Every structure is written in structure tokens, then in C-alpha cells.
Amino acid sequence: MKTERIPAGELLETGERVRFQIPTGHTVELYAEKTDVGNGIGYFDPDVDVLDGPGIRPIRMDHCLLYGGDIEGNLKLFTEVLGFTLVERVKLEDGKTDLAIWITCSAKAHDIAFVRSPEDGKLHHVSFQMPSWESVLRAADIMSINRVSIDIGPTRHGVTQGTTIYFFDPSGNRLETFCGGYDHYPDMHPITWSWENVGRGIFYHDRKLNDAFLSVVT
Ligand SMILES: [Fe+2]
């Protein structure tokens, strides 16, 4: 695999990066240094929150879901080289081939997910972590007040067990507010979902997929 070194500072407030292409065609960059911009509440005797902050106020980016062909190649690279573990998978009708995989390099239910698709290099969504289910519902209120285009939700995933809203930003990329998901430890066995239950896995309450969720990638 070809790698490229990008000098420190080329991306603002970021140390040296190593850039490479993963088997699904997405460009990945690794770096170890980033300027600390603080946590919003301080590092000494902090309060738990900031009163009257603007917007939905996610805690941070949580994960992304990417579409491409060779998700087996991605799974091998991320687990054998980059130290990720497989948390959950959905099988195709044959019961053998993975339709989707959720992987983590932390104790979270996932840091990246991949879905098999004929077209490489596609983005399905970028997700932001919320502190509670109540804050996800509040985010839905704020989206409606601002006439944001909502794909689906608020609802809950069977996969990862997280609560969610999918919505679109003005340029058409899908974003997600996400809360929950169980803790994952590397000695846990991956969870497998069958093709018959993929609807329940993705949207636990509706128990079926919607057309926009399946067809819109950017
Ligand atoms: Fe997600």
C-alpha cells in the first residue's frame, strides 16, 4: 500500500500526517498531534454544562459510515494493521457475505462503519455524539424550528443500540445525531444480523429501511 507523508502545519493546527487510500477508495489520514482548543467547560473545577448554548450542541464527532466495494479489504486493514475490532455485521441473503460492518478502535460501539456498494469512495453519513436521548429529542425540535431536512428519526438502532436522527445539511450530505450504544471491549464476540432482520437492525422501531436512507450517498 502506497503511503504519503504530509508535513506538520499543512493542515491548520495539525501535526505530520500519513495519507493512504483504503480498499474502498476513501482517503484516510493518520496524525498524532492536534492543537487543543479546550472542552468548553475548562479543565479545572469545571461545571457540567454551559447554560443557554446555541444550537443542538453535540459533544464531538462520533463516527462515519462509508460506502464502497471491498469491505473485506477494509476489515482486514483496519483490524490487522490499525488495531480496530469488529463489533457488529449484517449478512447478505447468502448468510456468508458481509453487507455491512461496524468497527471500533476505542470502547465505543463503533468508530467507522462500511456498507458494501457498487460505487467506491462514497459517504453515507457523519455522526455527532449527543449526551442523552432527551438531547436527541431536543435536537429534533431545533431541526424542525429551523426547517432542516430530516431523513428519519428520532428513533433507535438495533445495531449499536444507539438513538438517532438522520438529517441533511444544506449541501445534501447526510449527518446524524447519535446517543448511546453499548461499550465494546476487544474480547467481546461480534454480533451478527441476518438479511431477514436488517430493517430491525438499522431502525429498531420501524423495523424497515426507508428509500432515502438506502439510496442517497454523496
Ligand atoms: Fe451512524
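In which sense do strand β8 and strand β11 pair, and over how many bridges? Keep that in mind while looking at the model, which is predicted. Strand β8 covers residues 122-129, and strand β11 covers residues 174-180. They pair in the parallel sense, over 4 bridges. Find Phe 128 to see one spot in this pairing: Thr 177 in β11 stands opposite.

Now widen the view. β8 and β11 belong to an open sheet of 9 strands. Read across the sheet, the order is β9-β10-β11-β8-β4-β7-β6-β5-β12. The pairing in this sheet is mixed. Strands in a sheet pair through backbone hydrogen bonds, and they may do so parallel or antiparallel. At the edges stand β9 (149-156) and β12 (191-193), and each of these pairs on one side only. From one strand to the next, the twist averages 15°.

Next, look at the helices on this sheet. α1 lies across β4, β5, β6 and β7. It runs at about 20° to β6. Helix α2, residues 133-145, also packs on the sheet. α2 touches β9, β10 (162-168) and β11. The direction of α2 makes about 15° with that of β10.

What fills the interior? In soluble globular proteins, nonpolar side chains tend to be buried together. Here the largest nonpolar core has 22 residues. Among those with the most contacts inside it are Ala 100, Ile 101, Trp 102 and Ile 103. Ala 113, Phe 114 and Val 115 belong to that group as well. Several elements each supply at least two residues of this core: β4 (60-68), α1 (71-80), β5 (85-91), β6 (98-104), β7 (112-116) and α3 (198-202). Apart from this core lies another, of 7 residues. It includes Ala 139, Ile 165, Tyr 166 and Cys 179.

Zoom in on Trp 102. Leaving out residues up to four places away in sequence, Trp 102 touches Val 87, Glu 88, Ala 109, His 110, Ala 113, Val 159 and Thr 160.

One more sheet remains to visit. This open sheet has 3 strands, in the order β1-β2-β3, with antiparallel pairing. Why do β1 and β3 each have one side without a neighbour in the sheet? β1 (3-6) and β3 (27-31) stand at the edges with a single partner strand each, so one side of each is left without a neighbour. Strand β2, residues 17-21, is joined to β3 by 5 bridges. There, Arg 17 stands opposite Tyr 31 in β3. Direction ignored, neighbouring strands of this 3-stranded sheet are turned by 25° against each other on average.

Conventions: Residues are numbered from 1 along each chain as its sequence is written. This is a predicted model: local features need pLDDT of at least 70, side-chain atom pairs count only at pLDDT 80 or more; totals for chains, interfaces and linings use all residues. A nonpolar core is a set of buried Ala, Val, Leu, Ile, Met, Phe, Trp, Tyr and Cys residues joined through C-beta atoms within 7 Å. A residue is buried if 20 or more other C-beta atoms lie within 10 Å of its own, exposed if 12 or fewer, and partly exposed in between; C-beta atoms are placed from the backbone. Two residues are in contact if their C-beta atoms, placed from the backbone, lie within 7 Å. Two strands pair if DSSP finds at least two bridges between them. Axes are lines fitted to C-alpha atoms, for helices over the stretch in contact, and angles run from 0 to 180 degrees between N-to-C directions.
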